Amino acid sequence: MTAPAAQRPVPDADERIRAVREAKEEQISRAEGWRRRGPLLPALIFTIVVTQVPFVFTLYYSTQSWNLVSPGSRRFVGLQNYVDVFQDSQFWQVALNTVILIVGTVLISVILGLLLALLLDRAFLGRGVARTLLITPFLVTPVASALIWKTSMFDPVFGIVNFVLSPFGVEQVDWVSRFPLPAVMVALVWQWTPFMMLLILAGLQSMPRDILEAGRVDGAGAFALFRELTLPHLRRFIELGTVLGAIYLVNTFDAIYMMTQGGPGTASSNLPFYIYQRAFLGFDIGQAAAMGVVVVIGTIVIATFALRLIFTSFTGKEEAA
């Protein structure tokens, strides 16, 4: 038998009620989402105003031929500034200096940080004091660090480096003038080694001790344990420290400005300092803006690729665990 006619629209009414309920729940979830995001909007707006608006102006200036020494010379040139940048031999020399500075500083800092982290992972008398003293260089401001190395360490007459090396026949060497780029790298290594040490030490302390004990029971030596167990576990932390250090060192300016002024010539200049020279010493705003855009885009591409590899490594390790 068929149902009465009055009862046939009941399923439609139930579906209508369910749809209204789902719409209300969706509105509530949207309102809840905006309520949670609301406190973050001022910070987001501030970040956009401080970072993206200046970058848009930089893009605009990079299409202009504008030299502050010549009033009225401002005109639109399109991509000509970018062509001039890539044809500038000094730009490529400075880019090479930047790569050498970053790679050398990061590699040496990671190696020294690894050795110090292995030392601090062991129990010995005064470990807390030693850890505090080793962290201290990272807390010194970069300008003060550069001045310390230029005046107290590398001074040709009163420098500590020449004093320590004088028994070995080293004369009064002006390290900053003769070896400008290595001198800057030494100051940066002194400052960044504690950062690498802290990251690697955190990785060492997160390593399960029972794995090392099992390896010792199986007869593995100290070097075999380090090569087969400790180093693979520290890989993620070393990669993270390498990428973060490289991203920060791309922006190195204060150490070069305080120690060498980029000289002699461009022997110790990096990309940020060369852009500063073009903008505030050569007054060529168009080319300086074009260089800044090229550096920013290159840094973003490399950093995105490197961070993606690191996040993949961390995610793979967590899934395997």
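Biologist: I am new to this structure, so let me start with the open space: what volume lies in the largest pocket?

Modeller: The largest pocket holds about 590 Å³ of space. Please keep in mind that this is a predicted model.

Biologist: How do you know which residues line the largest pocket, and which lie nearest its centre?

Modeller: A lining residue needs an atom within 4 Å of a point of the pocket. There are 24 lining residues here, with Ile-102, Val-250, Gly-298, Thr-299 and Ile-302 nearest the centre. H4 (89-120), H11 and H14 (285-320) each give at least two residues to this lining. The largest share, nine residues, belongs to H14.

Biologist: What is the make-up of that lining by class?

Modeller: The lining of the largest pocket has 19 nonpolar, four polar and one charged residues. Gly counts as polar under the rule used, so Gly-298 goes into the polar class.

Biologist: And what can you tell me about the second largest pocket?

Modeller: Its volume is about 390 Å³. Of its 13 lining residues, Leu-118, Arg-122, Leu-212, Arg-216 and Thr-230 are the closest to the centre. H10 and H11 each contribute at least two residues to this lining. By class, the lining of the second largest pocket has seven nonpolar, one polar and five charged residues. Arg counts as charged, so Arg-122 and Arg-216 are among those charged residues.

Biologist: Why is the pairing of Glu-213 and Arg-216 called a salt bridge?

Modeller: The rule asks for a side-chain nitrogen of Lys or Arg within 4 Å of a carboxyl oxygen of Asp or Glu. For Glu-213 and Arg-216 the N to O distance is 3.2 Å, so the pair meets the rule. Side chains of opposite charge can pair when their charged atoms come close.

Biologist: Where do these two partners sit along the chain?

Modeller: Both are in helix H10 (residues 209-217), and because they are three residues apart there, about one helical turn separates Glu-213 from Arg-216.

Biologist: What makes Glu-213 and Arg-216 partly exposed?

Modeller: Partly exposed covers the range between the 20% and 50% cut-offs. Glu-213 has a relative accessible area of 45% and Arg-216 one of 46%, so both belong in that range.

Biologist: How many salt bridges does the rule give?

Modeller: The count is five. Among them is the one between Glu-228 and Arg-227, at 3.1 Å from N to O. Glu-228, at 48% relative accessible area, is partly exposed, and so is Arg-227, at 45%. Another joins Glu-239 and Arg-235 at 2.8 Å. These two are four residues apart in helix H11 (residues 222-250), which means about one helical turn lies between them. Glu-239 has 24% relative accessibility, and because that is above the 20% cut-off for buried, Glu-239 counts as partly exposed.

Biologist: How do you know that Ser-145 is buried?

Modeller: Buried means under 20% relative accessible area. The value for Ser-145 is 2%, so Ser-145 is buried. Ser-145 lies in helix H6 (residues 142-153). Leaving out residues up to four places away in sequence, Ser-145 touches Val-140, Ala-187, Trp-190 and Gln-191.

Biologist: Is Gln-287 buried or exposed, and what does Gln-287 touch?

Modeller: Gln-287 has a relative accessible area of 13%. That is under the 20% cut-off, so Gln-287 is buried as well. Gln-287 lies in helix H14 and touches Asn-81, Asp-84, Val-85 and Arg-278, with residues up to four places away in sequence left out.

Biologist: Where does UniProt place the feature "transmembrane region"?

Modeller: The unreviewed UniProt entry places it at residues 40-61, 94-120, 132-149, 183-204, 237-259 and 279-307. In the model, residues 40-61 are 95% helix and 0% strand, with end C-alpha atoms 31 Å apart. Residues 237-259 are 87% helix and 0% strand, and their end C-alpha atoms lie 31 Å apart.

Biologist: What does the protein look like as a whole, in secondary structure and burial?

Modeller: The protein has 14 helices and two strands. Of its 321 residues, 33% are buried. Among contacts with a separation of 6 or more, 65% join residues 24 or more positions apart.

Conventions. Residues are numbered from 1 along each chain as its sequence is written. This is a predicted model: local features need pLDDT of at least 70, side-chain atom pairs count only at pLDDT 80 or more; totals for chains, interfaces and linings use all residues. Side-chain values use heavy atoms; hydrogens and water are left out. Buried means under 20% relative accessible area, exposed over 50%, partly exposed in between (1.4 Å probe, protein chains only). Contact means heavy atoms within 4.5 Å. UniProt positions are given in the numbering used here, feature names are shortened, and annotations may be inferred rather than shown by experiment. On a 1 Å grid over the protein atoms alone, a cavity is a set of points where a 1.4 Å probe fits but cannot get out, and a pocket is an open set with protein on both sides within 12 Å along at least five of seven lines; lining residues have an atom within 4 Å of a point. Grid points are joined across faces, edges and corners, and a volume is the space filled by probe spheres set on the points.
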